[in-house]
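Biologist: Before we turn to particular elements, I should be grateful for a guided discussion of how the parts of this protein are arranged. Please reason each answer through and close on the value or name requested.

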Amino acid sequence: MKFFPHRKHFAIAALALAATASVGAKTLVFCSEGSPENFYPGVNTTGTSFDGNEPIYNRLVEFERGGTKVVPGLAERWQISPDGLTYTFYLRKGVKWHDHRSFKPTRDFNADDIIFGFERQWKEDNAFFKVTSSNHSYFNDMGLPKLLKSVEKVDDYTVKIVLDKPEAPFLSNLAMPYAAIQSKEYADAMLKAGTPEKIDQEPIGTGPFYLVQYQKDAVVRFKSFARYWGGKAKIDDLVYAITPDASVRWAKLQKGECHVMPYPNPADLEAIRKDPNIRVLEQPGLNVGYLAFNTQKKPFDDVRVRKAISMAINKKAIIDGVYLGTGVAAKNPLPPSMSAYNTAIKDDPFDPVAAKKLLAAAGFPNGLETDLWAMPVQRPYNPNAKRIAELMQADLAKIGVKAEIKTFEWGEYRKRMQAGEHQMGMLGWTGDNGDPDNFLYTLLGCESSKTNGSNVAKFCFQPFEDLVLKAKTVSKPADRDALYKKAQVIFKEQAPWFTIAHAVQLKPVRKEVIDFKLSPFGRHNFYGVDIK
(Lines give C-alpha, C1' and ligand atoms only; values in the text may rest on other atoms or scores of the structure.)
Protein backbone atom coordinates (compact mmCIF):
# COMPACT_ATOMS: atom_id res chain seq x y z
CA MET A 1 0.00 0.00 0.00
CA LYS A 2 1.29 3.44 -0.83
CA PHE A 3 0.54 6.44 1.34
CA PHE A 4 1.30 10.02 0.41
CA PRO A 5 -0.05 11.92 3.39
CA HIS A 6 1.64 15.23 2.75
CA ARG A 7 2.71 15.55 -0.86
CA LYS A 8 0.64 17.27 -3.46
CA HIS A 9 0.17 15.39 -6.69
CA PHE A 10 -1.49 16.31 -9.93
CA ALA A 11 -5.20 15.57 -9.74
CA ILE A 12 -5.89 12.14 -11.12
CA ALA A 13 -9.27 11.54 -12.67
CA ALA A 14 -11.26 9.32 -10.39
CA LEU A 15 -12.22 7.10 -13.31
CA ALA A 16 -8.62 6.38 -14.21
CA LEU A 17 -8.13 5.24 -10.65
CA ALA A 18 -11.29 3.19 -10.79
CA ALA A 19 -10.00 1.50 -13.94
CA THR A 20 -6.97 0.21 -12.02
CA ALA A 21 -9.25 -1.72 -9.67
CA SER A 22 -9.46 -5.46 -10.07
CA VAL A 23 -11.47 -6.70 -13.05
CA GLY A 24 -15.18 -6.97 -12.29
CA ALA A 25 -14.78 -4.98 -9.09
CA LYS A 26 -17.55 -2.59 -8.11
CA THR A 27 -16.27 0.95 -7.73
CA LEU A 28 -18.13 3.87 -6.22
CA VAL A 29 -16.77 7.40 -6.67
CA PHE A 30 -17.76 10.13 -4.23
CA CYS A 31 -17.03 13.71 -5.34
CA SER A 32 -16.05 15.06 -1.93
CA GLU A 33 -15.74 18.82 -1.42
CA GLY A 34 -12.30 18.86 0.24
CA SER A 35 -9.32 16.99 1.69
CA PRO A 36 -9.40 15.43 5.15
CA GLU A 37 -6.95 17.13 7.54
CA ASN A 38 -5.75 13.75 8.86
CA PHE A 39 -7.16 10.31 9.67
CA TYR A 40 -7.82 10.78 13.38
CA PRO A 41 -11.39 11.94 14.11
CA GLY A 42 -10.57 12.78 17.75
CA VAL A 43 -8.96 16.10 16.75
CA ASN A 44 -11.19 16.99 13.80
CA THR A 45 -14.24 19.25 13.76
CA THR A 46 -15.14 19.50 10.06
CA GLY A 47 -17.56 17.27 8.17
CA THR A 48 -14.98 16.98 5.39
CA SER A 49 -12.45 15.32 7.69
CA PHE A 50 -15.07 13.13 9.39
CA ASP A 51 -16.16 11.87 5.94
CA GLY A 52 -12.54 10.98 5.12
CA ASN A 53 -12.20 9.05 8.40
CA GLU A 54 -15.64 7.38 8.36
CA PRO A 55 -14.88 4.26 6.24
CA ILE A 56 -11.87 3.25 8.37
CA TYR A 57 -13.14 3.13 11.93
CA ASN A 58 -15.80 1.86 14.31
CA ARG A 59 -16.91 3.10 17.71
CA LEU A 60 -18.21 1.31 20.81
CA VAL A 61 -21.72 2.16 19.61
CA GLU A 62 -22.88 3.53 16.24
CA PHE A 63 -25.76 5.50 14.84
CA GLU A 64 -28.14 3.36 12.80
CA ARG A 65 -27.47 4.03 9.11
CA GLY A 66 -29.67 6.93 8.03
CA GLY A 67 -30.98 7.58 11.55
CA THR A 68 -30.26 8.84 15.05
CA LYS A 69 -30.89 5.57 16.92
CA VAL A 70 -27.86 4.19 18.82
CA VAL A 71 -27.05 0.57 17.87
CA PRO A 72 -24.26 -1.88 18.84
CA GLY A 73 -20.81 -1.28 17.32
CA LEU A 74 -17.64 -2.73 18.80
CA ALA A 75 -19.74 -3.33 21.92
CA GLU A 76 -22.38 -5.95 21.13
CA ARG A 77 -24.36 -5.02 24.25
CA TRP A 78 -24.17 -2.84 27.35
CA GLN A 79 -25.73 -2.40 30.79
CA ILE A 80 -26.46 0.86 32.57
CA SER A 81 -26.71 0.83 36.37
CA PRO A 82 -30.03 1.97 37.91
CA ASP A 83 -28.41 5.21 39.15
CA GLY A 84 -27.24 6.01 35.59
CA LEU A 85 -23.59 6.30 36.65
CA THR A 86 -22.02 3.00 35.54
CA TYR A 87 -21.93 1.77 31.95
CA THR A 88 -20.63 -1.76 31.32
CA PHE A 89 -19.81 -2.57 27.70
CA TYR A 90 -19.48 -6.19 26.50
CA LEU A 91 -17.17 -6.20 23.50
CA ARG A 92 -17.46 -8.13 20.26
CA LYS A 93 -15.01 -11.02 19.87
CA GLY A 94 -13.06 -11.90 16.72
CA VAL A 95 -12.94 -8.32 15.36
CA LYS A 96 -9.94 -7.99 12.98
CA TRP A 97 -7.70 -4.96 12.44
CA HIS A 98 -6.67 -3.86 8.96
CA ASP A 99 -3.19 -4.91 7.83
CA HIS A 100 -0.56 -2.34 7.02
CA ARG A 101 2.64 -2.55 5.01
CA SER A 102 4.81 -1.67 8.01
CA PHE A 103 2.72 -3.31 10.71
CA LYS A 104 0.94 -6.66 11.00
CA PRO A 105 -1.52 -6.95 13.94
CA THR A 106 -0.83 -9.98 16.16
CA ARG A 107 -4.17 -9.87 17.97
CA ASP A 108 -7.86 -9.05 17.51
CA PHE A 109 -9.50 -5.90 18.84
CA ASN A 110 -9.93 -5.91 22.64
CA ALA A 111 -10.52 -3.75 25.74
CA ASP A 112 -6.98 -2.26 25.62
CA ASP A 113 -7.96 -0.42 22.42
CA ILE A 114 -11.02 1.12 24.09
CA ILE A 115 -8.95 2.32 27.07
CA PHE A 116 -6.39 3.80 24.65
CA GLY A 117 -9.17 5.62 22.73
CA PHE A 118 -10.35 7.38 25.90
CA GLU A 119 -6.97 8.03 27.52
CA ARG A 120 -5.46 9.50 24.39
CA GLN A 121 -8.03 12.35 24.60
CA TRP A 122 -8.37 12.51 28.38
CA LYS A 123 -4.98 11.99 30.08
CA GLU A 124 -2.40 14.67 29.40
CA ASP A 125 0.43 12.31 30.35
CA ASN A 126 -0.62 9.85 27.60
CA ALA A 127 2.15 9.58 24.99
CA PHE A 128 -0.42 10.27 22.21
CA PHE A 129 -2.25 13.17 23.89
CA LYS A 130 -0.38 15.79 21.82
CA VAL A 131 0.35 13.71 18.68
CA THR A 132 -1.26 15.43 15.62
CA SER A 133 -3.01 17.95 17.98
CA SER A 134 -3.76 18.35 21.67
CA ASN A 135 -7.10 20.03 20.87
CA HIS A 136 -9.66 17.27 21.42
CA SER A 137 -12.54 19.68 20.72
CA TYR A 138 -15.53 17.35 20.91
CA PHE A 139 -14.24 15.40 23.93
CA ASN A 140 -13.81 18.70 25.79
CA ASP A 141 -16.97 20.47 24.52
CA MET A 142 -19.18 17.71 25.87
CA GLY A 143 -17.55 18.02 29.26
CA LEU A 144 -16.08 14.50 29.19
CA PRO A 145 -12.90 15.36 31.13
CA LYS A 146 -15.07 16.27 34.15
CA LEU A 147 -17.90 13.81 33.52
CA LEU A 148 -15.68 10.70 33.42
CA LYS A 149 -14.75 9.30 36.80
CA SER A 150 -13.04 6.15 35.51
CA VAL A 151 -12.66 3.97 32.41
CA GLU A 152 -11.56 0.47 33.42
CA LYS A 153 -10.79 -2.81 31.72
CA VAL A 154 -12.67 -5.56 33.61
CA ASP A 155 -11.29 -8.26 31.29
CA ASP A 156 -10.25 -8.47 27.62
CA TYR A 157 -13.84 -8.10 26.44
CA THR A 158 -15.49 -5.99 29.16
CA VAL A 159 -15.05 -2.28 29.83
CA LYS A 160 -16.63 -0.34 32.71
CA ILE A 161 -17.13 3.43 32.52
CA VAL A 162 -18.15 5.32 35.67
CA LEU A 163 -19.56 8.85 35.42
CA ASP A 164 -19.52 11.66 37.96
CA LYS A 165 -23.24 12.33 37.43
CA PRO A 166 -26.02 10.82 35.27
CA GLU A 167 -25.87 11.99 31.65
CA ALA A 168 -28.65 10.63 29.43
CA PRO A 169 -27.02 11.72 26.10
CA PHE A 170 -23.84 9.78 27.03
CA LEU A 171 -24.49 6.82 24.68
CA SER A 172 -25.31 9.13 21.76
CA ASN A 173 -22.14 11.09 22.51
CA LEU A 174 -20.11 7.85 22.17
CA ALA A 175 -21.51 7.24 18.67
CA MET A 176 -20.05 10.52 17.35
CA PRO A 177 -16.98 10.51 15.05
CA TYR A 178 -14.48 11.72 17.69
CA ALA A 179 -14.96 8.40 19.58
CA ALA A 180 -13.42 6.24 16.81
CA ILE A 181 -11.29 3.35 18.12
CA GLN A 182 -7.64 2.92 17.09
CA SER A 183 -5.26 0.00 17.68
CA LYS A 184 -3.22 0.26 20.89
CA GLU A 185 -0.82 -2.38 19.53
CA TYR A 186 -0.17 -0.29 16.38
CA ALA A 187 0.22 2.87 18.50
CA ASP A 188 2.80 1.15 20.75
CA ALA A 189 4.74 -0.14 17.72
CA MET A 190 4.84 3.31 16.06
CA LEU A 191 5.87 4.98 19.34
CA LYS A 192 8.73 2.49 19.65
CA ALA A 193 9.73 3.17 16.02
CA GLY A 194 9.81 6.92 16.73
CA THR A 195 6.92 7.62 14.30
CA PRO A 196 3.82 8.02 16.53
CA GLU A 197 2.14 10.34 14.00
CA LYS A 198 1.83 7.41 11.57
CA ILE A 199 -1.26 6.10 13.35
CA ASP A 200 -3.13 9.26 12.23
CA GLN A 201 -1.55 9.48 8.76
CA GLU A 202 -1.41 5.82 7.76
CA PRO A 203 -4.36 4.60 9.80
CA ILE A 204 -5.60 1.14 10.52
CA GLY A 205 -9.05 0.54 11.95
CA THR A 206 -11.68 -2.16 12.27
CA GLY A 207 -14.01 -0.47 9.76
CA PRO A 208 -15.51 -1.79 6.50
CA PHE A 209 -12.82 -0.16 4.29
CA TYR A 210 -9.08 0.33 4.61
CA LEU A 211 -7.05 3.24 3.25
CA VAL A 212 -4.99 2.46 0.16
CA GLN A 213 -3.80 5.89 -0.95
CA TYR A 214 -4.18 9.55 -0.10
CA GLN A 215 -3.09 12.35 -2.42
CA LYS A 216 -3.97 15.71 -0.88
CA ASP A 217 -6.33 17.83 -3.01
CA ALA A 218 -6.69 14.97 -5.50
CA VAL A 219 -7.94 11.63 -4.24
CA VAL A 220 -8.50 9.27 -1.31
CA ARG A 221 -8.73 5.56 -2.20
CA PHE A 222 -10.20 2.85 0.00
CA LYS A 223 -10.68 -0.89 -0.52
CA SER A 224 -13.30 -3.07 1.14
CA PHE A 225 -11.98 -5.07 4.10
CA ALA A 226 -12.75 -8.75 3.39
CA ARG A 227 -12.59 -9.74 7.08
CA TYR A 228 -14.86 -6.96 8.35
CA TRP A 229 -16.85 -8.19 11.37
CA GLY A 230 -20.12 -6.90 9.92
CA GLY A 231 -19.58 -8.71 6.60
CA LYS A 232 -17.71 -7.48 3.51
CA ALA A 233 -19.01 -4.26 1.93
CA LYS A 234 -21.03 -4.60 -1.29
CA ILE A 235 -18.69 -2.26 -3.18
CA ASP A 236 -15.03 -3.25 -3.66
CA ASP A 237 -13.37 0.11 -4.28
CA LEU A 238 -14.38 3.42 -2.75
CA VAL A 239 -12.82 6.53 -4.28
CA TYR A 240 -13.13 10.10 -2.99
CA ALA A 241 -12.43 12.42 -5.94
CA ILE A 242 -11.69 15.74 -4.22
CA THR A 243 -13.68 18.44 -6.06
CA PRO A 244 -14.07 21.76 -4.19
CA ASP A 245 -16.25 23.50 -6.82
CA ALA A 246 -19.99 22.63 -6.67
CA SER A 247 -20.49 23.22 -10.39
CA VAL A 248 -17.57 20.92 -11.26
CA ARG A 249 -19.03 18.25 -8.94
CA TRP A 250 -22.31 18.53 -10.82
CA ALA A 251 -20.53 18.25 -14.21
CA LYS A 252 -18.71 15.09 -13.02
CA LEU A 253 -21.94 13.58 -11.72
CA GLN A 254 -23.64 14.20 -15.08
CA LYS A 255 -20.83 12.42 -16.95
CA GLY A 256 -20.83 9.48 -14.55
CA GLU A 257 -17.34 10.37 -13.30
CA CYS A 258 -18.76 10.32 -9.81
CA HIS A 259 -21.82 8.65 -8.33
CA VAL A 260 -22.66 10.79 -5.28
CA MET A 261 -22.08 14.51 -4.69
CA PRO A 262 -22.61 16.69 -1.60
CA TYR A 263 -23.69 20.35 -1.39
CA PRO A 264 -25.18 21.26 -4.78
CA ASN A 265 -25.61 24.92 -5.73
CA PRO A 266 -29.30 25.88 -5.20
CA ALA A 267 -29.07 27.49 -8.66
CA ASP A 268 -28.14 24.13 -10.27
CA LEU A 269 -31.02 22.24 -8.63
CA GLU A 270 -33.54 22.71 -11.42
CA ALA A 271 -31.17 21.18 -13.99
CA ILE A 272 -30.13 18.40 -11.58
CA ARG A 273 -33.76 17.43 -10.96
CA LYS A 274 -34.42 17.21 -14.72
CA ASP A 275 -31.53 14.80 -15.42
CA PRO A 276 -33.02 11.32 -16.04
CA ASN A 277 -29.90 9.58 -14.65
CA ILE A 278 -29.95 11.38 -11.30
CA ARG A 279 -32.10 11.08 -8.19
CA VAL A 280 -32.07 13.93 -5.68
CA LEU A 281 -32.38 12.47 -2.18
CA GLU A 282 -33.75 14.93 0.32
CA GLN A 283 -34.86 15.10 3.93
CA PRO A 284 -35.10 17.81 6.57
CA GLY A 285 -31.62 18.33 8.02
CA LEU A 286 -30.88 18.05 11.73
CA ASN A 287 -30.71 21.82 12.03
CA VAL A 288 -32.66 24.98 12.77
CA GLY A 289 -32.28 28.60 11.71
CA TYR A 290 -33.83 31.27 13.96
CA LEU A 291 -34.11 34.92 14.94
CA ALA A 292 -33.22 35.21 18.66
CA PHE A 293 -34.79 37.93 20.81
CA ASN A 294 -32.51 39.14 23.59
CA THR A 295 -34.93 38.38 26.45
CA GLN A 296 -32.81 40.33 28.95
CA LYS A 297 -33.01 43.62 27.00
CA LYS A 298 -35.95 45.98 26.61
CA PRO A 299 -38.40 45.74 24.89
CA PHE A 300 -37.82 41.98 24.39
CA ASP A 301 -38.02 41.21 28.10
CA ASP A 302 -41.81 41.37 27.50
CA VAL A 303 -43.20 38.16 25.99
CA ARG A 304 -46.00 40.18 24.28
CA VAL A 305 -43.42 42.07 22.22
CA ARG A 306 -41.70 38.80 21.22
CA LYS A 307 -45.06 37.28 20.20
CA ALA A 308 -46.04 40.42 18.25
CA ILE A 309 -42.81 40.35 16.22
CA SER A 310 -43.29 36.62 15.55
CA MET A 311 -46.83 37.22 14.21
CA ALA A 312 -45.73 40.13 12.02
CA ILE A 313 -43.17 38.17 9.95
CA ASN A 314 -44.32 36.25 6.88
CA LYS A 315 -42.40 32.98 7.29
CA LYS A 316 -43.80 31.36 4.14
CA ALA A 317 -42.59 34.27 1.97
CA ILE A 318 -39.07 33.89 3.45
CA ILE A 319 -38.95 30.15 2.80
CA ASP A 320 -40.33 30.46 -0.74
CA GLY A 321 -38.14 33.41 -1.67
CA VAL A 322 -34.81 32.55 -0.01
CA TYR A 323 -34.60 28.80 0.61
CA LEU A 324 -35.81 28.01 -2.96
CA GLY A 325 -37.35 24.69 -1.94
CA THR A 326 -34.45 23.75 0.33
CA GLY A 327 -36.14 24.60 3.64
CA VAL A 328 -39.18 23.61 5.70
CA ALA A 329 -40.93 26.00 8.09
CA ALA A 330 -39.73 25.63 11.70
CA LYS A 331 -42.19 25.89 14.61
CA ASN A 332 -40.04 24.18 17.27
CA PRO A 333 -36.37 24.52 18.23
CA LEU A 334 -35.97 20.78 17.52
CA PRO A 335 -35.84 19.42 13.95
CA PRO A 336 -38.87 17.28 12.94
CA SER A 337 -36.78 14.11 12.41
CA MET A 338 -36.25 13.76 16.18
CA SER A 339 -38.57 11.52 18.23
CA ALA A 340 -38.92 14.23 20.90
CA TYR A 341 -40.32 16.69 18.33
CA ASN A 342 -43.72 17.97 19.47
CA THR A 343 -46.03 17.69 16.43
CA ALA A 344 -49.04 19.00 18.42
CA ILE A 345 -47.60 22.51 18.73
CA LYS A 346 -49.23 25.17 16.52
CA ASP A 347 -47.00 27.82 15.01
CA ASP A 348 -47.76 31.49 15.61
CA PRO A 349 -50.03 32.63 12.76
CA PHE A 350 -48.90 35.34 10.33
CA ASP A 351 -51.33 38.05 11.48
CA PRO A 352 -50.09 41.68 11.28
CA VAL A 353 -53.41 43.07 12.63
CA ALA A 354 -53.24 40.93 15.80
CA ALA A 355 -49.50 41.72 16.09
CA LYS A 356 -50.20 45.48 16.07
CA LYS A 357 -52.86 45.04 18.81
CA LEU A 358 -50.49 43.00 20.98
CA LEU A 359 -47.76 45.63 20.58
CA ALA A 360 -50.21 48.34 21.73
CA ALA A 361 -51.20 46.20 24.74
CA ALA A 362 -47.49 45.93 25.64
CA GLY A 363 -47.30 49.76 25.69
CA PHE A 364 -46.13 50.42 22.13
CA PRO A 365 -49.20 51.79 20.29
CA ASN A 366 -46.92 53.71 17.92
CA GLY A 367 -44.45 50.88 17.30
CA LEU A 368 -40.80 50.77 18.38
CA GLU A 369 -37.20 50.81 17.15
CA THR A 370 -34.81 47.85 17.29
CA ASP A 371 -31.72 46.38 15.67
CA LEU A 372 -31.84 43.23 13.51
CA TRP A 373 -28.58 41.34 13.17
CA ALA A 374 -27.92 39.33 9.99
CA MET A 375 -25.15 36.74 9.63
CA PRO A 376 -22.43 37.57 7.07
CA VAL A 377 -22.08 33.94 5.91
CA GLN A 378 -24.11 31.21 4.28
CA ARG A 379 -24.85 28.32 6.64
CA PRO A 380 -26.75 25.02 6.14
CA TYR A 381 -29.71 26.47 8.05
CA ASN A 382 -29.64 29.91 6.41
CA PRO A 383 -28.75 30.41 2.73
CA ASN A 384 -28.95 34.24 2.78
CA ALA A 385 -29.37 36.06 6.11
CA LYS A 386 -29.11 39.55 4.55
CA ARG A 387 -32.04 38.89 2.23
CA ILE A 388 -34.09 37.36 5.08
CA ALA A 389 -33.32 40.45 7.21
CA GLU A 390 -34.62 42.74 4.43
CA LEU A 391 -37.86 40.75 4.16
CA MET A 392 -38.30 40.85 7.97
CA GLN A 393 -37.54 44.58 8.03
CA ALA A 394 -40.28 45.25 5.42
CA ASP A 395 -42.82 43.10 7.34
CA LEU A 396 -42.04 44.79 10.65
CA ALA A 397 -42.37 48.29 9.16
CA LYS A 398 -46.05 47.43 8.47
CA ILE A 399 -46.75 47.22 12.24
CA GLY A 400 -44.70 50.32 13.06
CA VAL A 401 -41.50 48.52 14.06
CA LYS A 402 -38.40 50.21 12.64
CA ALA A 403 -35.57 47.64 12.43
CA GLU A 404 -32.00 48.60 11.62
CA ILE A 405 -30.03 45.76 9.95
CA LYS A 406 -26.54 45.21 11.37
CA THR A 407 -23.78 42.74 10.57
CA PHE A 408 -20.12 42.02 11.41
CA GLU A 409 -17.37 39.65 10.30
CA TRP A 410 -18.45 36.07 11.21
CA GLY A 411 -16.13 35.48 14.21
CA GLU A 412 -16.95 38.94 15.56
CA TYR A 413 -20.67 38.42 14.91
CA ARG A 414 -20.80 35.22 16.97
CA LYS A 415 -18.68 36.71 19.76
CA ARG A 416 -20.86 39.84 20.06
CA MET A 417 -24.11 37.87 19.95
CA GLN A 418 -22.84 35.50 22.63
CA ALA A 419 -21.98 38.60 24.69
CA GLY A 420 -25.61 39.76 24.23
CA GLU A 421 -24.96 43.04 22.38
CA HIS A 422 -27.94 42.58 20.03
CA GLN A 423 -31.67 43.12 20.53
CA MET A 424 -32.64 40.71 17.73
CA GLY A 425 -30.21 38.52 15.80
CA MET A 426 -30.16 35.57 13.41
CA LEU A 427 -28.29 32.36 14.13
CA GLY A 428 -28.81 28.61 13.89
CA TRP A 429 -27.48 25.17 14.79
CA THR A 430 -26.76 21.78 13.26
CA GLY A 431 -27.03 18.83 15.65
CA ASP A 432 -24.11 16.52 16.39
CA ASN A 433 -25.58 13.46 18.00
CA GLY A 434 -29.33 13.24 17.51
CA ASP A 435 -30.02 14.01 21.16
CA PRO A 436 -32.56 16.75 22.04
CA ASP A 437 -30.20 17.88 24.82
CA ASN A 438 -27.82 19.06 22.08
CA PHE A 439 -30.46 21.64 21.06
CA LEU A 440 -32.64 22.42 24.08
CA TYR A 441 -30.04 22.53 26.84
CA THR A 442 -27.08 23.81 24.80
CA LEU A 443 -29.05 26.60 23.10
CA LEU A 444 -31.72 27.50 25.67
CA GLY A 445 -30.46 26.42 29.12
CA CYS A 446 -29.57 28.90 31.89
CA GLU A 447 -25.89 27.85 32.03
CA SER A 448 -25.36 28.78 28.36
CA SER A 449 -27.28 32.08 28.71
CA LYS A 450 -24.26 33.50 30.54
CA THR A 451 -21.72 35.63 28.65
CA ASN A 452 -20.11 33.74 25.74
CA GLY A 453 -22.59 30.86 25.90
CA SER A 454 -24.53 29.46 22.93
CA ASN A 455 -27.86 30.72 24.34
CA VAL A 456 -27.96 34.03 22.44
CA ALA A 457 -31.59 34.71 23.45
CA LYS A 458 -30.19 34.96 27.01
CA PHE A 459 -33.26 32.93 27.92
CA CYS A 460 -33.29 31.53 31.45
CA PHE A 461 -36.77 30.45 32.47
CA GLN A 462 -37.01 28.12 35.45
CA PRO A 463 -39.99 25.93 34.37
CA PHE A 464 -38.17 25.23 31.07
CA GLU A 465 -34.82 24.74 32.82
CA ASP A 466 -36.28 22.21 35.29
CA LEU A 467 -37.59 20.04 32.44
CA VAL A 468 -34.35 19.97 30.39
CA LEU A 469 -32.19 19.32 33.46
CA LYS A 470 -34.48 16.50 34.55
CA ALA A 471 -34.35 15.01 31.04
CA LYS A 472 -30.55 14.70 31.33
CA THR A 473 -30.91 12.38 34.31
CA VAL A 474 -33.77 10.17 33.03
CA SER A 475 -32.62 7.08 31.15
CA LYS A 476 -35.80 5.87 29.41
CA PRO A 477 -36.07 7.47 25.93
CA ALA A 478 -39.89 7.71 25.99
CA ASP A 479 -39.80 9.47 29.39
CA ARG A 480 -37.14 11.88 28.16
CA ASP A 481 -39.16 12.62 25.00
CA ALA A 482 -42.22 13.43 27.16
CA LEU A 483 -40.17 15.96 29.16
CA TYR A 484 -38.77 17.54 25.98
CA LYS A 485 -42.26 17.78 24.47
CA LYS A 486 -43.41 19.74 27.54
CA ALA A 487 -40.31 21.96 27.25
CA GLN A 488 -41.25 22.79 23.63
CA VAL A 489 -44.72 23.93 24.79
CA ILE A 490 -43.05 26.37 27.22
CA PHE A 491 -40.61 27.47 24.50
CA LYS A 492 -43.53 28.35 22.22
CA GLU A 493 -45.39 30.24 24.97
CA GLN A 494 -42.28 32.22 25.94
CA ALA A 495 -41.09 32.80 22.33
CA PRO A 496 -37.36 33.45 22.92
CA TRP A 497 -36.88 32.84 19.15
CA PHE A 498 -38.79 33.37 15.96
CA THR A 499 -38.08 29.93 14.45
CA ILE A 500 -37.43 30.30 10.71
CA ALA A 501 -36.61 27.02 8.98
CA HIS A 502 -35.00 23.61 8.98
CA ALA A 503 -32.83 23.38 5.88
CA VAL A 504 -33.42 20.35 3.70
CA GLN A 505 -30.43 18.13 3.09
CA LEU A 506 -30.09 17.52 -0.66
CA LYS A 507 -27.94 14.82 -2.20
CA PRO A 508 -27.82 14.21 -5.96
CA VAL A 509 -27.03 10.52 -6.58
CA ARG A 510 -26.73 8.59 -9.84
CA LYS A 511 -29.52 6.06 -10.41
CA GLU A 512 -27.14 3.08 -10.55
CA VAL A 513 -26.35 3.63 -6.85
CA ILE A 514 -28.43 1.30 -4.63
CA ASP A 515 -29.45 2.01 -1.02
CA PHE A 516 -27.40 5.12 -0.25
CA LYS A 517 -29.02 6.65 2.84
CA LEU A 518 -28.89 10.27 3.94
CA SER A 519 -27.35 10.82 7.36
CA PRO A 520 -29.26 13.23 9.62
CA PHE A 521 -25.85 14.66 10.64
CA GLY A 522 -24.82 15.32 7.03
CA ARG A 523 -22.15 12.55 7.12
CA HIS A 524 -21.46 10.17 4.21
CA ASN A 525 -21.45 6.45 4.90
CA PHE A 526 -20.88 3.92 2.11
CA TYR A 527 -21.10 0.63 3.99
CA GLY A 528 -24.32 -1.08 2.90
CA VAL A 529 -24.38 0.79 -0.43
CA ASP A 530 -24.31 -1.17 -3.70
CA ILE A 531 -23.94 -0.20 -7.35
CA LYS A 532 -25.56 -1.67 -10.45
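**Helix packing, sheet and loops**

Modeller: In this predicted model, helix α17 passes α18 in a left-handed crossing.

Biologist: How are α17 and α18 oriented to each other, roughly parallel or roughly antiparallel?

Modeller: The axes of α17 and α18, the latter spanning residues 477-494, come within 9 Å and cross at roughly 160 degrees. Angles over 145 degrees count as roughly antiparallel. The orientation of α17 to α18 is therefore roughly antiparallel.

Biologist: Which classes of residue make up the contact of α17 with α18?

Modeller: From α17 the contact draws on P463, F464, L467, V468, K470, A471 and K472. From α18 it draws on R480, L483, Y484, K486, A487, I490 and F491. By class, these are ten nonpolar, no polar and four charged residues.

Biologist: How does α16 lie against α17, and which term describes their orientation?

Modeller: Helix α16 covers residues 437-444 and α17 covers residues 462-473; their axes come within 10 Å and cross at roughly 135 degrees. The crossing of α16 past α17 is left-handed. Roughly antiparallel would require an angle over 145 degrees. The two helices are therefore oblique.

Biologist: Which residues does α17 bring to its contact with α16?

Modeller: On the α16 side, the contact is made by D437, L440, Y441 and L444. The residues of this contact of α16 with α17 divide into six nonpolar, no polar and three charged. Those from α17 are F464, E465, V468, L469 and K472.

Biologist: Which residue in the loop between α16 and α17 has a positive phi?

Modeller: Most residues other than glycine have a negative phi. The residue in question lies in the loop between α16 and α17 and has a phi of about 50 degrees although it is not a glycine. It is K458.

Biologist: Which strands form the edges of the four-stranded sheet?

Modeller: The sheet is open, with antiparallel pairing and the order β5-β6-β8-β7. An edge strand pairs on one side only. The edge strands are β5 (75-80) and β7 (148-155).

Biologist: What is the bridge partner of V151 in β8?

Modeller: Strands β7 and β8 run antiparallel and are joined by six bridges. Strand β8 covers residues 158-163. The partner of V151 there is I161.

Biologist: Which helix packs on this sheet?

Modeller: The helix touches β6 (86-91), β7 and β8. Its direction makes about 160 degrees with that of β7. It is α3, residues 111-122.

Biologist: How far apart in sequence are the parts tied together by the C31 and C258 disulfide?

Modeller: The structure holds two disulfides; in the one formed by C31 and C258, the sulfur atoms are 2.5 Å apart. C31 lies in the loop between β2 (27-30) and α2 (47-53), and C258 in the loop between α9 (246-255) and α10 (269-274). The pair therefore ties together parts whose separation in sequence is 227 residues.

Biologist: What is the handedness of the disulfide of C31 and C258?

Modeller: The answer rests on the torsion about the S-S bond, which is about -110 degrees. The disulfide of C31 and C258 is therefore left-handed.

Biologist: Which residues are joined by a cis peptide bond in the loop between β13 and α11?

Modeller: Most peptide bonds are trans. The loop between β13 (287-293) and α11 (303-312) holds P299. The bond has an omega of about -5 degrees, and the residues joined are K298 and P299.

Key:
Residues numbered from 1 in each chain as written. Predicted model: local features only at pLDDT ≥ 70, side-chain atom pairs only at ≥ 80, totals over all residues. Heavy atoms only, no water. Axes fitted to C-alpha atoms, helices over the stretch in contact; angles between N-to-C directions. Parallel < 35°, antiparallel > 145°, perpendicular 65-115°, else oblique. Left-handed = near helix turned anticlockwise from the far one by under 90°. Contact = heavy atoms within 4.5 Å. Nonpolar A, V, L, I, M, F, W, Y, C, P; charged D, E, K, R; others polar. Pairing = 2+ DSSP bridges. Disulfide = S-S within 2.5 Å.
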